[in-house]
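Me: Could you take a close look at a single part of the structure shown below and then follow the chain outward from there? I am in my first year, so please explain each term as you use it.

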Amino acid sequence: LDSGDAAPPITEPDPRPAWVHVELGPRSYDVCIGRAVLSSLGNAIQGLAPRSRSVAFIIDDHVPAALVAGAIAEVGAVRTTCSLHLAASEPAKSLGSLETCLRFLAAHRIERADVVVALGGGIIGDLAGLAAATYRRGVPIIQCPTTLLSMVDASVGGKTGINLASDDGSLLKNMAGSFHQPLAVIAELAALDSLSPRLFRAGLAEIIKHATLAPADSGLWELTTNFLTSTPASTHHLLAELIRRNVELKAGYVVADEREELPGSGGRALLNLGHTFGHAIETLANVSPTDDLADAPLMHGEAVALGMLAAARTAFELGTLDGDSVSKIVAVIELAGLPTRVRGLPSPTEILARMMDDKKTTGGDLRLILPFAIGDVRMVEHLSRAAVTSALRTIMR
Ligand code: GLY
């Protein structure tokens, strides 16, 4: 999985930075997407947090050293800086890591007007976000996503969180967290150049999720399939455009339903398509996307891809999604190089029990987000367990 050509080579001039505004009244902010945009981080902090004196970086170890050094130097020219480097992994998105972050902020005497910068993928963004939300009852954060997944999804919308260990030792995903909107999001496209193909593909899963949600006349499904079938020469601009369109779509849901409170369809909960299934299998130690156990566990995006397939097949079982649409969803996931079936999953009944533990269930009722068509995704309550278990069998090898 770590060979291949998922991360597109750069063959064209840089696209201009794009901006997406997230309108949330006093919590509004902009998302800046482009190359060399991290060089504006110092200016952004001066403009957005004029009273700040210090900036605390929380940095994913996987971010290329040159990008890290550049960002710290830019900010160092205008503010005192300190940095904490963490090795991001799902088990590290823990209470212990949260404590490490909080103690780091306290040790550097970060004050209420100062700024935290999260530089990394979704795990660092979620963890640093929760540290910023809770340290001194809340300090500002700027999210600087460096993976495709965090650019199109995790960094936008203010969700922060950590996992909790359950009594059986498995992880309960994002079980503790808060909504803490950033001051800004700065998505540095150069960070994608060094992403492993596997990590890049994991981000494509959230892009496919958005394409399935987007209204059919939005063209997002076509843009996504164009990107996935494009020749390397044209991928550079297409990718920038695809990320911008994904951020716009995500921002629309966040603006409509900031705290995921709207019942039924139309709310932010629809963004959880594939996630209840995905969370139930994501942290299983012996589930690999390939035949090689060394690739276990699944990455979040891989689990979401499998979850979207299980959701599509549940909808097919219920008679609400036609076979042609299921085939299209399978085809686009295959095109992205994401897994469609995996070995080592527990029984459907056991997965179902884990799904009931996910925080998206209510009062013992199984509630899932299911596609009714490409461009028509809805929340369905009181689901038939038989339909779900039958769908789960189709992602097992
Ligand atoms: N990742 C789904 C959301 O932010 O609501």
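Reply: F200 is buried, since its relative accessible area is 1% (buried is under 20%, exposed over 50%, partly exposed in between, with a 1.4 Å probe and protein chains only). The model is a predicted one, in which local features need pLDDT of at least 70 and side-chain atom pairs count only at pLDDT 80 or more, while totals for chains, interfaces and linings use all residues. Residues are numbered from 1 along each chain as its sequence is written, and side-chain values use heavy atoms, with hydrogens and water left out.

F200 belongs to helix α6 (helices are DSSP runs of H or I with at least four residues, strands runs of E with at least two, numbered from the N terminus). Helix α6 covers residues 197-213, and its 17 residues reach 25 Å from the first C-alpha to the last, which is close to the 24 Å expected (1.5 Å times one less than the number of residues). Because 16 of the 17 residues of α6 are buried, this helix is largely enclosed by the rest of the structure.

The ring of F200 also takes part in the one aromatic pair that the structure holds (ring centres of Phe, Tyr or Trp, the last by its six-membered ring, within 6.5 Å; stacked under 30 degrees, edge-to-face over 60, tilted otherwise). Its partner is F227, and since the two ring centres are 6.5 Å apart with planes at 45 degrees, the pair is tilted. F227 sits in helix α7 (residues 220-229), 27 residues from F200, so that the pair links distant parts of the chain. F227 is likewise buried, with a relative accessible area of 6%.

Further along the chain, helix α10 (residues 300-317) and helix α11 (residues 323-335) have axes that come within 10 Å and cross at roughly 170 degrees (lines fitted to C-alpha atoms over the stretch in contact, with angles from 0 to 180 degrees between N-to-C directions). The two helices, α10 and α11, are therefore roughly antiparallel (over 145 degrees; under 35 is roughly parallel, 65 to 115 roughly perpendicular, the rest oblique). On the side of α10 the contact is made by A305, M308, L309, A312, R313 and F316, and on the side of α11 by G323, V326, I329, V330 and I333 (heavy atoms within 4.5 Å). Sorted by class, the contact of α10 with α11 has nine nonpolar residues, one polar and one charged.

Just before this, in the loop between α9 (275-282) and α10, lies P297, which a cis peptide bond with an omega of about -5 degrees joins to A296. Two residues elsewhere have a positive phi although neither is a glycine: A36, at about 65 degrees, and R137, at about 60 degrees. A36 is in the loop between β2 (29-34) and α1 (41-48), while R137 is in the loop between α4 (122-134) and β6 (141-145). R137 counts as exposed, because its relative accessibility is 78%.

Two other helices show further degrees of exposure. S97, in helix α3 (residues 95-107), is buried with a relative accessible area of 13%, and, leaving aside neighbours within four places in sequence, S97 is in contact with A92 and L127. A69, in helix α2 (residues 65-76), is partly exposed with a relative accessible area of 48%.

How values were computed
Ala, Val, Leu, Ile, Met, Phe, Trp, Tyr, Cys and Pro count as nonpolar, Asp, Glu, Lys and Arg as charged, and the others, Gly among them, as polar.
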